[in-house]
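Please open the structure in your viewer and keep the selection panel at hand. This tour proceeds from open spaces to the strands beside them.

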Amino acid sequence: MSSLLNESDLLHENTVVWLENPEHLDYVRQALDKTARRRGKPRYARDGRMVGYTELDEHAEADPDSGLQLRRVFFLLPHDRDTDPDGVYNQGAPGEAIDPRTVAPRRVGAKTPRSQGGLDMAATARTA
């Protein structure tokens, strides 16, 4: 199960850069952000914190209308499990959450029992 992104969105990813060790995180949220550059740490304008991002290869073309690149950003919000283990995501995870151990360039990443906080993945798929 992907997490709201398609691999076609990630064709020009070259590198995943982690700002925090992903081995210590059950899940991260992922989103595509518009950025001015292909490489380097992008701006971050959400609550919470950025924990990683992707860099693009030299063949990635900017959007013709905006001149911006689409890059994947990995982040966590203040109410996520890593900082609030007894909170709303004690079990389960947000829709855009994936297991960071399944992330690689050009691969969306996947939900796993660890990222879902012990939820039965088969039962989750039946109710979705």
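A pocket is an open set of grid points with protein on both sides within 12 Å along at least five of seven lines, and its lining residues have an atom within 4 Å of a point. The model shown is predicted.

**First stop: the second largest pocket**

Select D33, K34, T35, A36, R37, K41, P42, R43 and R71, which line the second largest pocket. About 150 Å³ of space lies there. Colour the selection by class: the lining has two nonpolar residues, one polar residue and six charged residues. Which strand gives the largest share of this lining? That strand is β2, with three residues.

**Second stop: the largest pocket**

Now select D9, L56, E61, Q69 and L70, which lie nearest the centre of the largest pocket. In total, 20 residues line this pocket, and the space in the pocket is about 240 Å³. The elements that each give two or more residues to the lining are β2 (28-35), β3 (49-56) and β4 (69-76). The largest share, four residues, comes from β4. By class, the lining of the largest pocket comprises eight nonpolar, five polar and seven charged residues.

**Third stop: strand β2**

Select residues 28-35 to display β2. Is this strand largely enclosed or largely open? Six of its eight residues are buried, so β2 is largely enclosed by the rest of the structure. Buried here means under 20% relative accessible area.

Next, add β4 to the selection: β2 and β4 pair in the antiparallel sense over seven bridges. To view one of these positions, select L32, which stands opposite R72 in β4. Then add β5 (residues 97-98), which is joined to β2 by two bridges and runs antiparallel to β2. Here, R29 has A97 as its bridge partner in β5.

**Fourth stop: strand β3**

Select residues 49-56 to display β3. Seven of the eight residues of β3 are buried, so this strand is also largely enclosed by the rest of the structure.

Which residue of β3 is the bridge partner of V17? The partner is Y53. Show strand β1 (residues 13-18) as well, since β1 and β3 pair in the antiparallel sense over five bridges.

Keep Y53 selected and turn to β4, where the bridge partner of Y53 is V73. Four bridges join β3 to β4, and these two strands run antiparallel. Y53 thus has a bridge partner in β4, V73, as well as being the partner of V17.

Terms used:
Residues are numbered from 1 along each chain as its sequence is written. This is a predicted model: local features need pLDDT of at least 70, side-chain atom pairs count only at pLDDT 80 or more; totals for chains, interfaces and linings use all residues. Side-chain values use heavy atoms; hydrogens and water are left out. On a 1 Å grid over the protein atoms alone, a cavity is a set of points where a 1.4 Å probe fits but cannot get out, and a pocket is an open set with protein on both sides within 12 Å along at least five of seven lines; lining residues have an atom within 4 Å of a point. Grid points are joined across faces, edges and corners, and a volume is the space filled by probe spheres set on the points. Ala, Val, Leu, Ile, Met, Phe, Trp, Tyr, Cys and Pro count as nonpolar, Asp, Glu, Lys and Arg as charged, and the others, Gly among them, as polar. Buried means under 20% relative accessible area, exposed over 50%, partly exposed in between (1.4 Å probe, protein chains only). Two strands pair if DSSP finds at least two bridges between them.
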